[in-house]
Amino acid sequence: MHAALMRGCGLVAAATVAFITLLVCYDVVGRNLGLPSLVWINEVTEYAMPVATLSAAPWLMWRNQHVRLDLLGAVLSPAAQRTLDRVASALGLVISAVMVWYRSEE
């Protein structure tokens, strides 16, 4: 279940980035060819970028491909690395929950 959810997050991120790419390409080519412009493209891409970012983040963490500081990994024992990874993941969860809560209050 969890793996399917994480893969779904990755799929949403990829589809969103593909959609943004197609919209921007259409807008650029359309302007150069004199085609009518879709006035909503800028707004849709502005709203889609955070969707792509926030749906890619859990997928990247699940795949252990998120940005990390490798300097600590070189000096810590494997057990300390696991502990640090768990603390960082828990901190990411708390920050995400606070952001969701804060956004829902608006």
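Helix H2 has 22 residues, which at 1.5 Å a residue should span 32 Å, and its end C-alpha atoms are indeed 32 Å apart. This is a predicted model, and much of what follows is about how H2 and helix H1 sit against each other. The two helix axes come within 8 Å, and H1 and H2 are roughly antiparallel to each other.

**Helix H2 on its own**

- H2 runs over residues 41-62, and its length agrees with the span expected for its 22 residues.
- Which residues of H2 are buried? They are Ile-41, Thr-45, Ala-48, Ala-52, Ser-55 and Ala-56.
- An α-helix has 3.6 residues a turn, so residues three or four places apart point the same way.
- Part of the cover over the buried residues of H2 comes from H1.
- After H2 comes Asn-64, which has a positive phi, near 60 degrees.

**Helix H1 on its own**

- H1 takes in residues 2-33.
- From first C-alpha to last, the 32 residues of H1 reach 46 Å, close to the 46 Å expected at 1.5 Å a residue.
- The buried residues of H1 are Met-6, Cys-9, Gly-10, Ala-13, Thr-16, Ile-20, Leu-23, Asp-27 and Gly-30.
- H2 returns the favour here, being part of what covers those buried residues of H1.
- Gly-34 follows H1, and its phi is positive too, near 80 degrees.

**How the two helices meet**

- Two packed helices are described by the angle between their axes and the distance between the axes.
- For H1 and H2, the axes cross at roughly 150 degrees and come within 8 Å.
- Why do H1 and H2 count as roughly antiparallel? Angles over 145 degrees go by that name, and the crossing here is roughly 150 degrees, so H1 and H2 are roughly antiparallel to each other.
- The crossing of H1 past H2 is left-handed.
- Sorted by class, the residues in this contact are 21 nonpolar, 5 polar and 2 charged.

**Three buried residues to look up**

- Cys-9 belongs to H1 and counts as buried, at 16% relative accessibility.
- Which residues does Cys-9 touch, leaving out those up to four places away in sequence? They are Ser-55, Ala-56, Pro-58 and Trp-59, and two of the names, Ser-55 and Ala-56, are on the list of buried residues of H2.
- Cys-9 and Ala-52 are 43 residues apart in sequence, yet their C-alpha atoms are 8.9 Å apart in space.
- Thr-45 has its place in H2 and is buried, with a relative accessible area of 10%.
- Setting aside neighbours within four places in sequence, Thr-45 is in contact with Ile-20, Leu-23 and Val-24. Ile-20 and Leu-23 are among the buried residues of H1.
- Asp-27 is in H1, and its relative accessibility of 10% makes it count as buried.
- Leaving out neighbours within four places in sequence, Asp-27 is in contact with Ser-37 and Ile-41. Ile-41 is one of the buried residues of H2.

**A residue in helix H4**

- Is Tyr-102 buried or exposed? Tyr-102 is exposed, with a relative accessible area of 52%.
- Tyr-102 is placed in helix H4, which covers residues 78-105.
- Between Tyr-102 and Tyr-47 there are 18 Å, C-alpha to C-alpha, and these two are 55 residues apart along the chain.

How values were computed
Residues numbered from 1 in each chain as written. Predicted model: local features only at pLDDT ≥ 70, side-chain atom pairs only at ≥ 80, totals over all residues. Heavy atoms only, no water. Axes fitted to C-alpha atoms, helices over the stretch in contact; angles between N-to-C directions. Helix = DSSP H or I, 4+ residues; strand = E, 2+ residues; numbered from the N terminus. Parallel < 35°, antiparallel > 145°, perpendicular 65-115°, else oblique. Left-handed = near helix turned anticlockwise from the far one by under 90°. Nonpolar A, V, L, I, M, F, W, Y, C, P; charged D, E, K, R; others polar. Buried < 20%, exposed > 50% of the residue type's maximum accessible area, 1.4 Å probe, protein only. Contact = heavy atoms within 4.5 Å. Expected span 1.5 Å × (residues − 1).
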